[in-house]
Amino acid sequence: MAELLSGNHAIAEAVRLSKVDFVAAYPITPQTPIYEKIAEMISEGKMCGQMMRAESEHSAMAACISASLAGVRVFTASSSQGIAYMHEMLHFASGCRVPIVMACVNRVVSAPWAFGTDQTDTLSQRDTGWIQLYCEDGQEALDTVIMAYKVSETIFLPVMVIIDGFYTSHFIEPVEIPEQTLIDQYLPKRNLPNRFDLSNPAFLQNVVDPPNYTRFKKRQFDDTLKARRLLIEADKEFGELFGRSYGVVEPLELADAEIGIVTAGSMTSCARIAVRTLRSKGIKAGLLKIKLFRPFPYNEVARYLGTLEKVIVIDRNVSSGKGGIFCDELKASMYNLKNRPEIYGFIGGLCGEDLPPEKFEKITLSVLRAKKPWDVPKWIHRMRF
Amino acid sequence: MDTQDEILRKGHYACPGCGLAIAMRLVLRAVGRKAIAVIVPSCEAVISGTYPFSALEVPAFHSAFAIAAPTAAGISRALKIRKETDVTVLAFAGDGGTYDIGLQSLSGAAERNEDFIYVCLDNEAYMNTGIQASSSTPPLSWTVTTPKGKVEKKKRLMEIIVAHSVPYAATATIGYPQDLMEKVKRAKEFQGTKFIHVLTPCPTGWKMKEELTGVIAMLAFETKVFPLYEVINGEIYRITKVPKGLPVRDYLSIQGRFSHLSEDEIEKIQQEVDIEWERLIYLAKRHEKV
Ligand SMILES: Cc1ncc(C[n+]2csc(CCOP(=O)(O)OP(=O)(O)O)c2C)c(N)n1
Ligand SMILES: [Mg+2]
């Protein structure tokens with residue numbers, strides 16, 4: 001059944017359908033409607049599970065970690081400063097190998113204070129050991145939260161399901177809400193281990209020596225890589241049951257393309273239109289939407305972009321003094337390929353600044369004309385086309 | 001004491017004469033085996049053992065520094081969801097972890113009345129990182145970061161906790177093990193956030209003789225520096241043991257951290273201790289039936 005839902009409320013529906021036991025959260029724009037909707041559903045008895053009104057994101061994540069260790073299904077959501085505020089606990093969560101799912105609604109990290117979307121908040125958590133999934137719209141976010149639990153509870157690693165603030169979080173679209181019975185079939189309640197076993201008491205996370213530290217980290221690293229395959233399987237199974245699947249990346253018109261645009265998140269929708277227009281003008285443009293950022297989809301990136309002549313990466317984020325984060329990651333991942341494409345980095349759409357299809361078209365035309373790529377990214381707002 | 005009841009094992013890593021280890025041992029004995037302990041960075045984490053060993057005979061989780069309370073809350077809520085309602089969740093944190101970095105998260109949990117016993121192991125400084133001052137460090141005390149003595153007062157933590165109307169809050173010291181254990185047992189009878197503030201002398205940080213730990217703890221009480229009382233529902237204060245009122249000098253003079261004090265300074269501390277004691281009497285009398 002399709003309902004008109006914002007991206008935030010689509011996520012809240014996914015949390016209800018996933019029969020989450022425990023939610024600890026804290027308000028922050030633009031994530032707050034997720035928190036509010038879950039509180040409402042619990043208080044009206046539409047959702048089982050309980051809500052802990054945390055006094056900070058740091059504590060919300062702390063409680064999610066310990067509740068998860070005690071064997072219940074947990075959820076939280078945050079944005080921007082809130083994600084930054086949890087940073088310590090994000091590392092802790094992945095190291096504790098807890099299957100937490102967190103919705104992240106992108107918003108700039110201050111200063112200056114601002115509210116629009118910008119992926120720097122989640123991308124700066126790149127090395128915290130969380131699986132990161134960037135979604136294009138509310139439907140994908142709803143479906144991905146459910147898939148995320150499946151993957152997370154199989155590999156025991158936490159997952160961020162990420163949408164753009166306002167564009168996706170507040171934009172209302174028809175969203176298909178799956179049947180609970182089918183969800184129960186897809187995502188049965190697992191008997192998660194309670195790691196506080198009174199009959200066999202263990203001391204969790206006590207201090208380890210360097211060899212053991214390395215052993216634990218290597219194990220975590222390898223399991224994180226395995227999450228890619230699990231996600232592909234979870235996505236495929238989801239598709240079979242519900243008729244929707246997304247892949248870890250989504251290629252569009254790349255087979256015969258001479259130039260490819262790379263996007264993540266909501267800007268992908270505008271890039272789709274741009275590719276259609278460019279194609280109608282005889283330009284062989286294609287698109288790769290990156291959904292999975294950690295673990296990094298090396299194989300897919302090489303497969304779809306490795307043979308192109310030119311690749312454009314549009315980053316709605318910035319690592320000051322270096323470049324756009326997706327662009328840098330793509331460059332690094334393709335360095336060892338024999339025929340790697342030229343990669344052209346652009347920064348734009350910061351703080352939710354609009355990136356309409358025409359911008360993608362103009363950027364593509366300018367890159368087609370370009371003689372060689374640059375190291376330092378071009379800023380879209382400064383460009384005269 | 002019967003060794004079968006001991007939950008803190010022998011052979012742990014505490015310094016000789018560590019008051020904190022004694023407090024952990026007593027608290028765990030009083031709580032019993034149906035318990036889960038939250039440990040945070042502090043000497044308590046060192047004492048609890050390194051991988052793959054544990055000095056604790058109950059399940060424990062070494063969480064991050066600022067979050068003893070919400071970590072305990074997460075466990076206690078999860079246990080309730082799992083319908084395991086007969087397990088006590090115990091949060092241990094040092095004075096730094098309670099008075100300073102963990103105060104916000106403790107306040108949040110106490111306001112929500114999360115169900116656990118919180119034990120503040122107060123050795124009056126950041127000992128694990130090498131004796132830096134905290135907001136629990138008493139006035140004029142030497143620490144590495146207050147080489148000429150701390151200027152500020154010791155934060156009145158109990159009043160902050162009491163202001164949350166928690167069902168049970170109490171002070172205790174290892175100088176009076178029976179009193180401490182009784183308070184822990186009483187705490188177990190309440191639903192919600194229980195707070196026990198334990199003074200745990202630290203020979204290393206207080207620059208005192210190892211064998212004096214117990215004596216110092218008793219003197220802290222007898223000089224009224226650390227009164228023993230409990231507060232029910234944030235309202236009813238009850239002084240659980242009446243001190244002799246020995247001069248504070250008896251307590252200060254055997255600790256190196258106070259060896260630089262002048263006569264005037266000792267007198268000043270005496271006056272402040274007397275004022276605090278009067279304040280406690282006032283709070284306790286307020287609720288006496290007329
Ligand atoms: C966020 C964070 N900041 C700092 C530290 C470093 N640290 C570890 S233990 C400790 C001292 C703890 O002092 P206290 O809570 O009084 O316990 P004690 O060591 O005295 O028992 C500090 C500062 C940390 N682990 N985490
Ligand atoms: Mg201390």
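Visitor: Let's start with a helix. Which are the buried residues of helix 3 of chain B?

Guide: Bear in mind that this is a predicted model. A residue counts as buried when its relative accessible area is under 20%. In helix 3 of chain B that picks out Ala68(B), Ala69(B), Pro70(B), Thr71(B), Ala72(B), Ala73(B), Gly74(B), Ile75(B), Ser76(B), Arg77(B), Ala78(B) and Leu79(B). That makes 12 of the 14 residues, and the helix is mostly covered.

Visitor: How many Å should the 14 residues of that helix span?

Guide: Count 1.5 Å a residue, which gives an expected 20 Å for residues 68-81. The C-alpha atoms at the two ends are 20 Å apart, so the expectation and the model agree. Just after this helix, Lys83(B) takes a positive phi of about 60°.

Visitor: What does a positive phi tell me?

Guide: Most residues other than glycine have a negative phi. A positive one is therefore worth a look when you spot it in a non-glycine residue. Glu124(B) is a case here, with phi near 65°. Glu124(B) sits in the loop between strand 4 and helix 6 of chain B. Ser165(B) also has a positive phi, near 55°, and belongs to the loop between helix 6 and strand 5 of chain B.

Visitor: Is Glu124(B) buried or exposed? And how does Ser165(B) count?

Guide: Glu124(B) is buried, because its relative accessible area is 5%. Ser165(B) has 47% relative accessibility, so it counts as partly exposed.

Visitor: What about unusual peptide bonds?

Guide: The general rule is that most peptide bonds are trans. Look at chain A for two that are cis. One joins Ser110(A) and Ala111(A), with omega about 10°. Another joins Ala111(A) and Pro112(A), with omega about -10°. Ala111(A) is in the loop between strand 5 and helix 6 of chain A, and Pro112(A) has its place in that loop too.

Visitor: Where is Thr117(A) found?

Guide: Thr117(A) is in the loop between strand 5 (101-106) and helix 6 (120-123) of chain A. At 0% relative accessibility, Thr117(A) counts as buried. A polar atom of its side chain lies 3.3 Å from the backbone oxygen of Asn106(A).

Visitor: How do I decide whether that is a polar contact?

Guide: Look for a pair of N or O atoms within 3.5 Å, one able to donate a hydrogen and the other to accept it. Chain B offers another example: a polar atom of the Ser48(B) side chain is 2.7 Å from the backbone oxygen of Glu44(B). Ser48(B) is in helix 2 (residues 43-48) of chain B and counts as buried, at 0% relative accessibility.

Visitor: On to the metal. Which residues coordinate the magnesium ion (ligand 2)?

Guide: To read a metal site, list the donor atoms and their distances. Here they are Asp95(B) (OD), Asn123(B) (OD1) and Ala125(B) (O), at 2.0 to 2.1 Å. Their spacing along the chain is D-x27-N-x1-A. Asp95(B), in helix 4 of chain B, and Asn123(B), in the loop between strand 4 (116-122) and helix 6 (157-162), are 28 residues apart and link distant parts of the chain. Both Asp95(B) and Asn123(B) are buried.

Visitor: And ligand 1: where does it lie?

Guide: Ligand 1 lies between chains A and B. For any ligand, see which residues surround it, then look for polar pairs. Of the 17 residues around ligand 1, those that come nearest are Ser42(B), Gly96(B), Gly97(B), Met127(B) and Asn128(B). Helix 4 (residues 95-100) of chain B gives the largest share of the shell, three residues. Sorted by class, the shell holds eight nonpolar, seven polar and two charged residues.

Visitor: Which side chain has an N or O atom 3.0 Å from an oxygen atom of ligand 1?

Guide: That is Asp95(B), which also coordinates the magnesium ion. Backbone atoms take part as well: a ligand oxygen is 3.0 Å from a polar backbone atom of Cys43(B), and one is 2.9 Å from a polar backbone atom of Gly97(B). The protein covers 76% of the 590 Å² of accessible area that ligand 1 has on its own.

Visitor: One more helix, please. How many of the 10 residues of helix 12 (residues 325-334) of chain A are buried?

Guide: Eight are, so the helix is largely enclosed by the rest of the structure. Among them are Ile325(A), Phe326(A), Leu330(A) and Met334(A).

Definitions and conventions. Residues numbered from 1 in each chain as written. Chains lettered and ligands numbered in written order. Predicted model: local features only at pLDDT ≥ 70, side-chain atom pairs only at ≥ 80, totals over all residues. Heavy atoms only, no water. Near = heavy atom within 4 Å. Areas by Shrake-Rupley, 256 points an atom, 1.4 Å probe, with all protein chains shown as cover. Helix = DSSP H or I, 4+ residues; strand = E, 2+ residues; numbered from the N terminus. Nonpolar A, V, L, I, M, F, W, Y, C, P; charged D, E, K, R; others polar. Expected span 1.5 Å × (residues − 1). Buried < 20%, exposed > 50% of the residue type's maximum accessible area, 1.4 Å probe, protein only. Donors = N, O, S within 2.8 Å, 3.2 Å for Na, K, Ca; no water.
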